[in-house]
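I opened my notebook to go through this chain one query at a time. Here is what I looked up, in the order I got curious.

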Amino acid sequence: MTARPCSMKWLMLAALVAAGRAEPLQYFKEQFEDGDEWQKRWIESKHKSDFGKFQLSAGNFYGDEEKDKGLQTSQDARYYALSARFEPFCNEDQTLVIQFTVKHQQNIDCGGGYVKLFPSDLNQEDMHGDSTYYIMFGPDICGSGMKKVHVIFNYKEKNHLIKKDIRCKDDEYSHLYTLIVRPDNTYEVKIDNQKVESGSLEEDWDMLPPKKIKDPDAKQPDDWDEREKIDDPEDKKPEDWEDAELIPDPEAKKPDDWDDEMDGEWESPMIVNSNYKGEWKPTVIDNPNFKGPWIHPEIDNPEYIAEANVYRFDNIGVIGLDLWQVKSGTVFDNFLITNDEQFAEEFGNETWGVTKDGEQKMKEKQDEDEKKKQEAEEKKTKTKEKDEKNEDETTEQEKEEGKEEEHEEGADEEEHEEGADEEEHEEGADEEHTYEEAGEEGDESTLKDEL
Ligand SMILES: [Ca+2]
């Protein structure tokens, strides 16, 4: 994508904003509050024939059944590729805010929860993992090793990952993710309207070459002494220092009947040296010539060019969900792209902020009910087992003759149970296998594409 100057239209808008007269610009807003109409706004890619389907759903628990409806991934182990178009804009001299909510209600094991911002010339029907995008932002989870918030910028046709590690939320509730990119080339990432990271685009990404480099002409002088401590050169081993652990026994005498020819040369047996002092070591002293560690001098990097417009993207025109998910069920909602941080914060509070507590209450109630149900079932099973045991005992006491038969029956039952166990175990193993395979693919899909 060649960087074209922003159009006059946006420059004029920028001037209006600077004068404080303009309303917040809402480049894109999507809350899915008009039934099936979203299907006209969101286009599914046909790049692959088996992309997973998104459905309109508030999930299994919510604060408001209608308001909390969003796009939910509905098929396990699928790629998803859906995008929506808006009036193209350039963020020159403007703050850019990307915000949305993600709810991994399925207790996600491996899957993306991020959005991508594309240039307006993206062919939505052919959108896929390698489609050029401007910004990728949002949570990504795969196993316990990958739980991060991606912030990736495309700069001069290369994707650059943030160098800082921002941990994402990994629970089952809705969370609000916000990325703010400012025209002074600073940024901020917020989760649930709380700042979790901030800094400068130049420092936290490798988009520009470093300002300073190590002077290639400088090298450590040969006589540079980096040793802080040395052995005292004055210290000498005392002449009477006993460093032999074993010595020949001075008391031992060659036996009278020793025959050198027959028995070989006689040697005194060794005994422990009572004056043994161990290995002698000189005293360690401060090195009078110590100069400290050598620090490579730095010079201005001749390849560094100050770039005032790292933050700027021309013709931003499409937002997309291009993801891989092993276990589906994630709900995306409350998308907002604006130039106004304050407005985004308020929008977050008025959407996510209003329904989050109700959502949590409903989930907790469901968990509580489930727990009670399980306890009741366990109790029932135990009572049943107890009854059966009592019955068995009675039968055994009453019918001594039928003992053998019963024993055989018992054996049958045991076998049956074992069989069931095995089946269960196999199913479990299968699941694990799928997870591993899919997990690997998921990792790849995320990282291969972006690096
Ligand atoms: Ca909604």
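**Entry 1: a serine in a loop.** Is S131 buried or exposed in this predicted model? I counted C-beta neighbours inside 10 Å and got 21 for S131, and the cut-off for buried is 20 or more, so S131 counts as buried. I then checked where it sits: S131 belongs to the loop that links β8 (115-119) and β9 (135-142). Skipping the neighbours within four places in sequence, I found S131 in contact with F118 and L122. I also tried a distance to a residue far along the chain. S131 and D322 are separated by 191 residues in sequence, yet their C-alpha atoms are 9.6 Å apart.

**Entry 2: the core.** Next I asked which residues touch the most other members of the largest nonpolar core. That core holds 68 residues, and my answer was Y80, I98, L117, I135 and F137. Strand β21 (residues 316-325) is the top contributor to this core, giving 6 residues. As a reminder to myself, nonpolar side chains tend to be buried together in soluble globular proteins. I picked I98 for a closer look. Beyond four places in sequence, I98 has contacts with V115, L117, I135, F137, L179 and I337.

**Entry 3: strand β12.** Why do I call β12 largely enclosed by the rest of the structure? I went through its residues, and 8 of the 8 are buried, so that description fits. Then I sorted them by face. In a regular strand, side chains alternate between the two faces of the sheet. For β12, one side has S174, L176, T178 and I180, the other has H175, Y177, L179 and V181, and all of them are buried.

**Entry 4: who pairs with β12.** I started with strand β6 (residues 96-104), which runs antiparallel to β12 and is joined to it by 8 bridges. One bridge I wrote down puts F100 opposite Y177 in β12. Then I moved on to strand β13 (residues 186-191): β12 (residues 174-181) pairs with it over 5 bridges, also antiparallel. Here V181 has Y187 of β13 as its bridge partner. Between these two strands the hairpin has 4 residues, and N185 takes a positive phi near 65°.

**Entry 5: one strand further.** How many bridges join β13 to strand β14 (residues 194-200)? I found 6, with the strands antiparallel. T186 is bridged to S200 in β14. This hairpin has 2 residues between its strands, and D192 takes a positive phi near 55°.

**Entry 6: the whole chain.** I zoomed out and tallied 7 helices and 22 strands. Of the 451 residues, 30% count as buried. Looking at contacts between residues at least 6 apart in sequence, I saw that 76% join residues at least 24 apart.

**Entry 7: how confident is the model?** Mean pLDDT comes out at 86 for the chain, with 82% of residues at 70 or more. I marked residues 408-451 separately, as pLDDT stays under 50 there. The model has 30 contacts beyond four places in sequence for that stretch.

Note on methods
Residues numbered from 1 in each chain as written. Predicted model: local features only at pLDDT ≥ 70, side-chain atom pairs only at ≥ 80, totals over all residues. pLDDT = per-residue confidence, 0-100. Contact = placed C-beta atoms within 7 Å. Core = buried A, V, L, I, M, F, W, Y, C linked by C-beta atoms within 7 Å. Buried ≥ 20, exposed ≤ 12 C-beta atoms within 10 Å, placed from the backbone. Pairing = 2+ DSSP bridges.
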